[in-house]
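Work through the exercises below with the structure open. Each one has a task and a stepwise solution.

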Amino acid sequence: MINPTVGRVVLFHPGRHFSGCSAGADVPLPALIARVWSDTCVNIGGFDANGLPFSATSVLLIQDSNPVPDGGHYCEWMPYQKGQAAKTEALQEALVSAKVA
């Protein structure tokens, strides 16, 4: 799990009923975390496919293997961030193993 913090970039999936931007439901949009409510709930601000700004509050942040909501909007980490988190976790585990041995 990646801990969300203000300023981190996420991919926002607007869903069918999100009216805050002019993108289709199947187009992920870049957004920044503006407020963290919990590990799975954030406020975001971003840009739609036309470069117009949008915002959304109390957005579900999909973590690890959490299910994606059917039709609703949500955000997720970018693949690069997931890869970096996996590398960091592996390095931390290696360091712990080295200290134990």
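The model is predicted.

**Exercise 1.** List the residues that Phe12 touches, leaving out those up to four places away in sequence.

*Solution.* Start with the partners between Phe18 and Ala31: Phe18, Val27, Pro28, Leu29 and Ala31. Next come Ile44, Phe54, Ala56 and Val59. Finish with His73, Tyr74 and Cys75.

**Exercise 2.** Place Phe12 in the largest nonpolar core, and find which elements give two or more residues to this core.

*Solution.* The core has 16 residues. Phe12 is among those that touch the most other members, along with Val10, Ile44, Phe54 and Cys75. The elements that give two or more residues are strands S1 (9-13), S2 (29-38), S3 (41-47) and S4 (53-62). S4 gives the most, with 4 residues.

**Exercise 3.** Decide why Cys75 forms no disulfide with Cys41.

*Solution.* Take the cut-off: the two sulfur atoms must lie within 2.5 Å. For Cys75 the closest cysteine sulfur is in Cys41, 8.9 Å away, so the gap is too far for a bond. Cys41 is in no disulfide either. The count is 0 disulfides. Now check burial: Cys75 has a relative accessible area of 0%, so Cys75 is buried.

**Exercise 4.** Ser58 and Asp64 are not glycines; find the sign of phi, the location and the exposure of each residue.

*Solution.* Ser58 has a positive phi of about 50 degrees. Ser58 sits in strand S4 and is partly exposed, at 48% relative accessible area. Asp64 also has a positive phi of about 50 degrees. Asp64 lies in the loop between S4 and strand S5 (74-76). With a relative accessible area of 61%, Asp64 is exposed.

Conventions:
Residues are numbered from 1 along each chain as its sequence is written. This is a predicted model: local features need pLDDT of at least 70, side-chain atom pairs count only at pLDDT 80 or more; totals for chains, interfaces and linings use all residues. Side-chain values use heavy atoms; hydrogens and water are left out. A nonpolar core is a set of buried Ala, Val, Leu, Ile, Met, Phe, Trp, Tyr and Cys residues joined through side-chain atoms within 4.5 Å. Buried means under 20% relative accessible area, exposed over 50%, partly exposed in between (1.4 Å probe, protein chains only). Contact means heavy atoms within 4.5 Å.
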